[in-house]
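Visitor: I would like to learn how to read a ligand site and the space around it. Please take me through one case.

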Amino acid sequence: MKKMLMVSSALALGLATTAAKAEPQAEVLHWWTSGGEAAAVKVLMEEFNANGGTWTDMPVAGGGGDAAMTALRARVLSGNAPTAVQLKGPSIQEWYEEGALGNIQDVADAENWDELLPEAIQYHLKCDGDYCAAPVNIHRIDWIWANASILEDAGIEPPKSWDEFNAAAEKLQGMGILPLAHGGQAWQDATLFEAVVAGLGGTEFYKKALIDLDMDTLKSDKMVEVFDQMRVLRGYVDDNFSGRDWNLATAMVINGEAAFQIMGDWAKGEFIAAGKEPGKDFYCSSPTGGGYLYNVDSFAFFNVDGDDRQAGQKLLAKLTMGKNFQKVFNLNKGSIPARLDVSMDEFDSCGVQSNKDLGTAIEQNALLPSYAHGMALRGAQAGAVTDVVTAHFNSDMSSQEAVEQLAQAVAASQ
Ligand code: BGC
């Protein structure tokens, strides 16, 4: 009798201890699987584990995240959502509207997020006024990456407009050098397209075309010019581009098999992971003029049961916005911190330029949320634009036909 009592009080004590100190757990779904991406996410995994958490990694390979989003939907539909998910832009609010997301306003209040984040990006992270996602970075999309020795040998400066890019590419082609490394996947075609829209059309044109989906703008002569430029770019790409992953295209520039890649600054993460230095081994320049095309990677927290998983969400939200994490993650990832108070001292020249251009763009109302990376449009509308962009890029469709199809596809998606 006495023995039984002792056992049950020990059990009760054990249970009480467990209840009081839930061990933070997080199953984290993301698509950071390339060299630079994996090095970056490892920083968070290590911090999470060092702070008493247990991280279960759920990487779903596939640049741009399409495969990850399919995996997410399957998990949510089966009633088993991951604890934290790499999400961006309006898809955060779409999941919230489906009733799937939790709220992390208590962490945001305790850590003062409203003071720490640029006002211009806060709305991406809030659902009905409360924080429902924690940002890790700000990526710039409209970059041209260049192999430094190819450019030097050819006497070419890093291009700062599409005209300069075309002139450089023509010269390189004449010398038998492949101008543009491109991966043939729809999201990569879309990434080129939005950089052309912003560079050729300018900030207001981009906003009317890819944020407002204004019909007159979508059907305009300027949009015909945009598709003309896409056709020109297609001519600078090799025959084997179809299906190529973005990081393999970056490797072509790193290895000197091609001069340029047009890609967001996660590509810089690949150069850095390969031990390359900006200004010496590679260059970054933007073809956009005053605008700044961006996306913000963040973790959104799904409704989950269990004190341990809920504790994991709070710990992850807190660490994600930690000052040191925002620095170290972004040094690896190629992006810049979302937090305003992180010193840029340790960042390279591309990071410093990105930070400076971001500030100017905020002042000049020229911040452009990326449509290709899910920041500007809801899923159906972005998909409608991308279908036409990729169909045009991968066929001999005329620019006029592309513009007509674009207007029809967008109208049908509304
Ligand atoms: C994400 C980046 C990622 C890239 C390539 C983008 O949409 O924002 O974090 O590195 O896709 O997968």
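**Ligand site and cavity**

Guide: In His373, a polar side-chain atom is 2.8 Å from an oxygen atom of the ligand; a polar contact here is a pair of N or O atoms within 3.5 Å. The protein covers 100% of the 310 Å² of accessible area that the ligand has on its own, by the Shrake-Rupley method with a 1.4 Å probe. The model is predicted, with pLDDT of at least 70 needed for local features and 80 or more for side-chain atom pairs, while totals for chains, interfaces and linings use all residues. Residues are numbered from 1 along each chain as its sequence is written, and side-chain values use heavy atoms, without hydrogens and water.

Visitor: Which other side chains have a polar atom by an oxygen atom of the ligand?

Guide: For Glu37 the distance is 2.4 Å, and for Trp31 an N or O atom of the side chain is 3.2 Å away.

Visitor: How many residues surround the ligand?

Guide: Count residues with a heavy atom within 4 Å. Here there are 14, and the closest are Glu37, Lys88, Asp297, Lys333 and His373.

Visitor: How is empty space found, and where does the ligand sit?

Guide: Rolling a probe the size of a water molecule over the atoms shows where empty space is left. A cavity is a set of points, on a 1 Å grid over the protein atoms alone, where a 1.4 Å probe fits but cannot get out. The ligand sits in the largest cavity, meaning that more than half of its atoms lie within 2 Å of the grid points.

Visitor: What is the volume of the largest cavity?

Guide: About 90 Å³, taken as the space filled by probe spheres set on the points. Its lining has 14 residues, with Trp31, Glu37, Lys88, Trp266 and His373 closest to the centre; a lining residue has an atom within 4 Å of a point.

Definitions and conventions. A polar contact is a pair of N or O atoms within 3.5 Å; within protein, one must be able to donate a hydrogen and the other to accept it, and residues adjacent in sequence count only if both atoms are side-chain atoms. On a 1 Å grid over the protein atoms alone, a cavity is a set of points where a 1.4 Å probe fits but cannot get out, and a pocket is an open set with protein on both sides within 12 Å along at least five of seven lines; lining residues have an atom within 4 Å of a point.
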